[in-house]
Amino acid sequence: MNADTPAIAIDRVQFRYGRPGPRRRDIPLVLKDISLSVAAGDILCLLGPSGCGKTTLVNLIMGVDVPTSGTVRVLGETAPFRTARARIGFMPQDDALYEDVTAEENLRFFAALYGVKGEHLARRMDELFAFVRLQRHRKKLVHDYSGGMKRRAEIARGLVHDPKVLFLDEPTTGLDPQTRANVWEYIQRLQKQKNMTIFLTTHYMDEAEVCSQVVIMDHGKIVAHDTPENLKHQYTGTEVDVTCAQTEPLESALQERDVPYRKDKNKLMFHTKKASAALEILSAHRGEIMDFEVKSGTLNEVFLAITGKEIRE
Ligand SMILES: Nc1ncnc2c1ncn2[C@@H]1O[C@H](COP(=O)(O)OP(=O)(O)OP(=O)(O)O)[C@@H](O)[C@H]1O
Ligand SMILES: [Mg+2]
């Protein structure tokens, strides 16, 4: 694998659930023609309405399921993996730790699956429990952990074999805001300190906002893939609120340009596709403007524009 090999490369992948057999063709496809490439060290966020196929896609890239057609390559190796699996870490959407043993025993068990043992394991566990700030609780039963502690222990578990690529399926869902911020801080730290490739799904737009790439899925297809900035640029415009001493000159200018606007006393609010158009209007009327605010679109608006749905629908 050379430096230019993508960490993850998916080529025309289709997938349907169900057992192999003559009737399987009648089952609808859950994933339709997915192609995607993720460079090493990227944090990619997969967004999409519930049921659109995010977990299914993550399971395929992890090698848990096999595509009906198309190929999945991770770290240069085509699934099903022989060696790449040892370099992939996973935090599933649902808690997967054993509740009736301690967090430490959980980590030990998963480490054994990857052949991590002895002093190396002891050092690794010290590091990981410190990383997710569970040192004081590592000998507690997972059953007695809070939701946030469980999610943090899940992250530690996913990292026990020092993977190069980490998949996180809704790592912060259901957490209180402070724990969510903590978990998110660990994720960003991993990317920065280890140049880890991180592939995650989330329903939180503020998390998507700080990822290097955002992929939006709907009905089993990728409907958009770009940086958060480019997506906002492409799918939303610029909202401008201007307070004027006199609104009439600016109103005439907006009418001339066919720019729809709203008016609230001496405040005018309008929307332009490009920031440069807003700037042009503002500078032509700078003498009349007392105050103004320029807001670019949000990823929420991008999501709504593309899927027609709110993220939680
Ligand atoms: N084991 C399964 N057998 C059959 N169909 C399944 C199975 N798992 C998921 N599906 C179906 O596949 C589709 C995609 O499900 P998936 O779990 O990938 O969605 P998701 O985008 O992860 O949703 P969420 O945001 O709710 O987690 C859904 O229609 C779901 O009902
Ligand atoms: Mg899911």
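How many Å separate the centres of domain 1 and domain 2, taken over C-alpha atoms? The distance is 45 Å. This is a predicted model, so treat the tour below as a tour of a prediction.

**The two domains.** Colour residues 8–231 as domain 1 and residues 237–296 as domain 2, following the domain assignment.

**The ligand shell.** Select ligand 1 and display the residues that surround it. Start with Y17 and V30, then go to G48. Continue through S50, G51, C52, G53, K54, T55 and T56, and finish with Q93. Coloured by class, this shell shows three nonpolar, seven polar and one charged residues.

**The nonpolar cores.** Next, select I61 and V74, the residues with the most contacts inside the largest nonpolar core, which has 67 residues. Centre on I61 and leave aside its neighbours within four places in sequence: the contacts of I61 are then I8, I10, V72, V74, F167 and F199. A second core, separate from this one, has seven residues, among them V240, V242, L250 and L268.

**Helix α4.** Now select residues 147–159, which form helix α4. With 13 residues at 1.5 Å a residue, α4 should span 18 Å, and its end C-alpha atoms are 19 Å apart, which agrees. Within α4, show R151, R152, A153, E154, I155, A156, R157, G158 and L159, which are buried.

Which elements do the buried residues of α4 pack against? Add these to the view: strands β6 (88–91) and β7 (165–169), with helices α2 (103–113), α3 (118–131) and α5 (177–194).

Methods:
Residues are numbered from 1 along each chain as its sequence is written. Chains are lettered from A and ligands numbered from 1 in the order in which they are written. This is a predicted model: local features need pLDDT of at least 70, side-chain atom pairs count only at pLDDT 80 or more; totals for chains, interfaces and linings use all residues. A residue is near a molecule or strand if its C-beta atom, placed from the backbone, lies within 6 Å of it. Ala, Val, Leu, Ile, Met, Phe, Trp, Tyr, Cys and Pro count as nonpolar, Asp, Glu, Lys and Arg as charged, and the others, Gly among them, as polar. Domain bounds come from an automatic or database domain assignment. A nonpolar core is a set of buried Ala, Val, Leu, Ile, Met, Phe, Trp, Tyr and Cys residues joined through C-beta atoms within 7 Å. A residue is buried if 20 or more other C-beta atoms lie within 10 Å of its own, exposed if 12 or fewer, and partly exposed in between; C-beta atoms are placed from the backbone. Two residues are in contact if their C-beta atoms, placed from the backbone, lie within 7 Å. Helices (H or I, at least four residues) and strands (E, at least two) are DSSP runs, numbered from the N terminus. The expected span of a helix is 1.5 Å times one less than its number of residues.
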